Amino acid sequence: MAEVSVRAESKSEGIVIHDDWPGYSLDLFSYPAHYYGDLDCVIIPHGVIMDRTERLARNIMDDLGDHDIVVLCVLKGGYQFCADLVDRIKALSCNSDHTIPMRVHFIRLKSYLNDQSTEDLHILGAEDLSFLSGKNVLIVEGIVGTGKTMKTLLKHVESFRPKMIKIAGLLVKRVQLSPTCVPDYVGFEIPNRFVVGYALDYNEYFRDLNHICVISESGKKKYKI
Ligand code: HPA
Ligand code: MG
């Protein structure tokens with residue numbers, strides 16, 4: 001007989017959003033009027049993002065509690081997730097014997113033009129990460145798309161010889177991923193569609209949207225460069 005496990009795997013794909021899931025109608029939520037017509041649907045409402053983030057903070061706390069960590073926030077798309085995740089870890093640290101002393105460092109990556117990943121990845125603010133040597137590093141990223149970006153970043157961070165590297169990704173797209181790039185902590189696994197909001201952009205637009213939404217074809221045209 002197959003064994004039934006009630007324990008979540010320590011490395012899970014998070015909440016899985018299937019390809020045939022239509023999302024929520026935009027009429028059910030409020031969002032800025034300047035984006036009317038630019039979106040297809042709400043794929044993850046802001047409140048659900050926050051609830052999932054709270055649980056990821058607990059998982060991180062369970063695994064890393066009492067370790068000093070350096071949080072490496074990947075800008076710009078990861079800023080909101082990183083801020084909310086750090087906030088939740090801080091709240092847990094205040095209310096238990098378990099704590100995680102945290103330092104936060106920011107780096108900036110850029111590889112997307114319109115909705116396409118480009119070959120030239122720029123890493124800014126990461127020239128000298130020698131302070132990561134011997135440290136426990138938590139890389140916090142908003143979305144892992146092709147996985148190429150994360151792989152390049154991981155190699156770069158590894159070259160500074162940290163003691164441990166963990167990756168937290170709010171979203172992972174269901175595309176072919178190299179196994180070295182799957183985050184240790186995943187918020188949601190989503191279909192291979194271009195999403196925006198909660199700091200994720202399309203040519204710098206939509207970062208000022210709370211919910212994670214699917215961009216419409218007319219939205220892509222309007223903000224194309
Ligand atoms: N949205 C925003 N940024 C991204 C995406 C996406 O779907 N995939 C990779 N970077
Ligand atoms: Mg972007």
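**Reading strands, a helix, a core and a ligand shell**

User: How many bridges join E2 to E10, and do these strands run parallel or antiparallel?

Analyst: Strands of a sheet pair through backbone hydrogen bonds, and the pairing is either parallel or antiparallel. In this predicted model, E2 and E10 are joined by 4 bridges and run antiparallel. One position to look at is Leu39, which stands opposite Ile215 in E10.

User: What is the order of the strands in this open sheet?

Analyst: The order is E2-E10-E9, an open sheet of 3 strands with antiparallel pairing. Strand E2 (39-44) and strand E9 (195-196) each have a single partner strand and stand at the edges, so one side of each has no neighbour in the sheet.

User: Which residue of E10 is the bridge partner of Val196?

Analyst: The partner is Cys213. E9 is joined to strand E10 (residues 212-215) by 2 bridges, and these two strands also run antiparallel.

User: Which residues have the most contacts inside the largest nonpolar core?

Analyst: Cys213 appears again here, together with Ile139 and Val140. The core has 50 residues, and strand E6 (residues 136-144) supplies the largest share of it, 6 residues. Val140 can be followed further: leaving aside neighbours within four places in sequence, its contacts include Val71, Leu72, Cys73, Val74, Phe81, Leu85 and Ala168.

User: Now the helix. Which residues of H3 are buried?

Analyst: An α-helix has 3.6 residues a turn, so residues three or four places apart point the same way. In helix H3 (residues 148-158), the buried residues are Thr149, Met150, Leu153 and Val157. They lie on the same side of H3, because the arc they cover around the axis is only 90°. Lys155 and Glu158, on the other side of H3, are exposed.

User: Last, the ligand. How many residues surround ligand 1, and which are the closest?

Analyst: The shell has 9 residues, and the closest are Ile143, Gly145, Phe194, Val195 and Leu200.

User: How does this shell divide into nonpolar, polar and charged residues?

Analyst: The shell around ligand 1 has 6 nonpolar residues, 2 polar and 1 charged.

Note on methods. Residues are numbered from 1 along each chain as its sequence is written. Chains are lettered from A and ligands numbered from 1 in the order in which they are written. This is a predicted model: local features need pLDDT of at least 70, side-chain atom pairs count only at pLDDT 80 or more; totals for chains, interfaces and linings use all residues. A residue is near a molecule or strand if its C-beta atom, placed from the backbone, lies within 6 Å of it. Ala, Val, Leu, Ile, Met, Phe, Trp, Tyr, Cys and Pro count as nonpolar, Asp, Glu, Lys and Arg as charged, and the others, Gly among them, as polar. A nonpolar core is a set of buried Ala, Val, Leu, Ile, Met, Phe, Trp, Tyr and Cys residues joined through C-beta atoms within 7 Å. A residue is buried if 20 or more other C-beta atoms lie within 10 Å of its own, exposed if 12 or fewer, and partly exposed in between; C-beta atoms are placed from the backbone. Two residues are in contact if their C-beta atoms, placed from the backbone, lie within 7 Å. The arc is that of the directions from the helix axis to the C-beta atoms. Two strands pair if DSSP finds at least two bridges between them.
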